[in-house]
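Reader: Could you walk me through this chain, beginning with the overall picture and then going into one sheet and the cores?

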Amino acid sequence: MTPERRVRGRRAGDPGAPTHDDAADEVARVQVELAAAAAGAMPLAEIDPTIRDLSRVTPLLAQLAAAVARLLGTDIAAVWVTDPDAPDVLVANAWVGFPDNYISALRVPFGTGSAGRAVSERRIIHVEDISASAHYDAFRAGAAEHGVRAALSVPMLTLAGEPMGALSAYYRSVVEPDARDLELVELYARQAAEIVERARLHGQARKLAALERRRAVQLRALADSALALSAADSLDELLRLVTEAALDVIGCHQAVTTRLRAGWGDADTYVSLSEKYAGWRTYDVVPKGTGVLESVVRDNRPLRLTGDELRAHPDWRGLADAPGHPPLPDYLAAPLIGRDGTNLGLVQLSDKVDETPFSAEDEAILVQLAQMASSTIERLEAFEGERAARREAQDAARLQSVLSQASALFAESFDPQGIASALADLVVPWLADVSLLHLLDSAGELVLRACATAESAGLERVAAFFGAAPVLLDVSYGPAAVLASGQPQLVQTTTPEMLRAVTLTEEQAVELGQVLGRSSICVPLTARGRTVGVLTLSRHEKYDPADLEHALDLARRAGLALDNASRYAFERDLAVTLQRSLLPRQLPTGPEFRAAARYLPGARGTQVGGDWYDVIEVGDALVLVIGDVVGRGVQAAAVMGQLQATVRAYALEGHGPAQILDRLDRVALAIDELNFTTCVVARLDPSTRQLSVASAGHPPPVLVSPAAEPRLLELDPGLPLGVGGARFVEHSSHLPAGSLLLLYTDGLVESRDAPISDGLDRLVASLGPPVCSADEACDRVLSALGRDGGHDDDTAVLALLLGTTADLELRLPSVAASAGVARRAVGKLLTGRGLDAEVAQLLVTELVANSARHAGQGQVEIRAMLHDDLVRIEVDDDSRRLPAALLEPPWEQESGRGLLMVEVLADQWGAEPLPTGKRVWFEVTPDRSPSPELPAVTGGRPPGHGSG
């Protein structure tokens, strides 16, 4: 008989064998017990959900094992289940008859012993004699030690028919169970399998539910992290967010994220450690390219290792030897991978909070987080690249704009100080926080001419310091050194030694360090091989060679502009001096007219043109001329002088306006380098008010009549002088009394922003009546057309106001008493106007008294005219005797004392012949007091009785 065989029956007549009714009762009893226990005493809902721990169903299985033992007439039984950690190994879950320390340590591989064979072969295995069974080699000694002779094992199968354990009974003697016993045992086995399977399924369900809940939490955290990552606006913030998210979502004590650009030599790292690793908080540098880090980056694959696997890893030593590195109980890392498959870095974790090993789910979550981080890194760096390119383009555009502004300013300005100030302002804050411009003065010394600061509050301090501090010579740094060598200087970091080298005292060195930045540039301003100054730039950010090139470019332009400005300034001053010397110093005046003129050279920085004017007395007539020589500078002024002299000569010869222009045109053609000249010539007889005018391409004069609106004279414009072949047309007209004639050059009405017709309209509108004087007319038009504050072009204005009705007219007999009448009338005229009349009364008394004495029996005419604060008084009589040249008369001579007083007290006076006699006139300022040094009147005669 073989030692083991499959048993299907039990020997009949075996004493102690239960009857059929007993067996049925036992089955019913066990089923009731198990159902009651499962439903009441130990509900499945209370079973521990952990698949590795069936301890909470163990009491049920122990009851079942005891029932099986009683059924089969033995006292030893066990319930075996598969080990969760090794699915092909059985371990004891419940037992009776065995010592706990023995059976709990047993591990039964499938195919060994009775239980292992029953599971692997899925049938009942009966071993009649363990000592003779080859399948019991591993357990024979233990069985013999515990008195086990035979064994019976029934497989426990799941509802799907898969083995999950075995129900075993052990005998101390050879026993052969019958078939009914085996059916009951199979029933017990199915009951036990159902209990275990339900417990395991319930545990798995609870574990899956917990896993799903954790997964949902992690997914929500991942979604939140994705939103946070998408909102990151810098790489540093992104690394922090990724690291903190990995630490929180997976639940770890250590997390590190590294962005690798060009290998480990160019890496950005963020480290996050929990309180558990507070002692390593200062550790913020991941070892470069060592250990498992390099394997993750090299393979571009995630890596998950337990502590033992980590220490056994061939690349572990790199981290193990890293100084100050926190201990790593385990390791999980995921690479950061770009869209093209290149490695961007990695995320590393260690030491889970729940002290469990990293799972595949943890790895999957970290990979997802790394993918989100990778795409955000690429987006940020692409955006940063775009921003860098945009900044570079903006810098280039700003540089071009500054250079364009500088070029435009330097081309338009001829004022050295204006150029210096503009250059200092241009470089702040684009290229400097503080800019200084030193220029060479006439003595060859560097003098601060302009400075600018980014903060307006610091400008006064900078200007005060550098305005007072001398520029030291024979030093190695700063403006003096650059001036001496002609080479630029770039100082990226200013040292205390440098500051002391360019200052006189320690206090000055400290102050200099406070007003300047840490980095500076000094560049020479050169032009035509000559250095004219030095530009100094300073800021806290370090300068680089590109900044130096920008500064040199500006300095070259500024140096040339400053040199040109100096040359233009010299030539302009020379031209202004020449031009002013050629213009008439004083315009003639007469009883029938008043003339006034203004000449304004172009604004500072522009060359003087060839504008001129003149009023020439030709007998009783006046020749008025205004002209404009095209061109600028000394050459234009010299040509203007030639033409002015020529006009004066032709006018004195008695030629009319058209004839003068015709002859002047021939002269202009003979002058070398003359393009053309515009000119207006007018001839006016003040007494008859007859006017004739001719134009050579010049803007027409303006006529202001007392009873009409101002208007431009309608003239044939003619061609400019110097063109050749021109014919000039003369226009004649009669002017009303009180008319104003205004001549001007095109600088008054021309503008870059508007057509000349707009300027002419504004000119005419500005001369609306009343116009009280020629001076007022000149000032009014300059102000109305914006020329009183400076203008690019030269401007000349000439106004002539014809005599108007006198403010006082008297016709008195030529007797001594008329002097008193004239005196009282003048006093009333002036006193009523709030003016001091004493001097005017005194002088009119003397002149009327002289006329009464020397004019015979005719009449004396007195006219008084007020012009602003000036009084002109004219005394006409029928005597043709003009006063002789005044010399102080001897004390014994009585005559001549009256005119001596006129000479002393009048602002101006004069005598001129008239067709019917003579006129003596004087002008005084009414508020002027009598001089204390008046000549005494001798002979005891009252005033007015002296001789003229």
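Author: What follows is a short exchange about the chain as a whole, one sheet, the nonpolar cores and the cysteines.

Author: The model is predicted, so to speak of local features a pLDDT of at least 70 is needed, side-chain atom pairs count only at pLDDT 80 or more, and totals for chains, interfaces and linings use all residues. Residues are numbered from 1 along each chain as its sequence is written, and side-chain values use heavy atoms, with hydrogens and water left out.

Reader: How many helices and strands are there in the chain?

Author: The chain has 24 helices and 31 strands, taken as DSSP runs numbered from the N terminus (helices H or I of at least four residues, strands E of at least two).

Reader: And what share of the residues counts as buried?

Author: Of the 948 residues, 49% are buried, where buried means under 20% relative accessible area, exposed over 50%, and partly exposed in between, with a 1.4 Å probe and protein chains only.

Reader: On to the open sheet: what is the order of its five strands?

Author: The order is E8-E7-E11-E10-E9, with antiparallel pairing; two strands pair if DSSP finds at least two bridges between them. Strand E8 (267–273) and strand E9 (303–305) are the edges, and because each has a single partner strand, one side of each lacks a neighbour in the sheet.

Reader: How many bridges join E9 and E10?

Author: Three bridges join E9 to strand E10 (residues 331–337) in the antiparallel sense, and Leu303 has Ala333 in E10 as its bridge partner.

Reader: Which helix packs on that sheet?

Author: Helix H7 (residues 235–250) does, touching strand E7 (252–260), E8, E10 and strand E11 (343–352), where contact means heavy atoms within 4.5 Å. The direction of H7 makes about 150° with that of E7, using axes fitted to C-alpha atoms, for helices over the stretch in contact, and angles from 0 to 180 degrees between N-to-C directions.

Reader: Which residues touch the most other members of the largest nonpolar core?

Author: Trp612, Tyr613 and Leu798 do, among 51 residues; such a core is a set of buried Ala, Val, Leu, Ile, Met, Phe, Trp, Tyr and Cys residues joined through side-chain atoms within 4.5 Å. A second, separate core has 35 residues, including Val154, Met156, Ile195 and Ala199.

Reader: Last topic, cysteines: how many disulfides are counted?

Author: The count is zero, a disulfide being a pair of cysteine sulfur atoms within 2.5 Å. Cys252 is buried at 5% relative accessible area, and Cys522 is buried at 6%.
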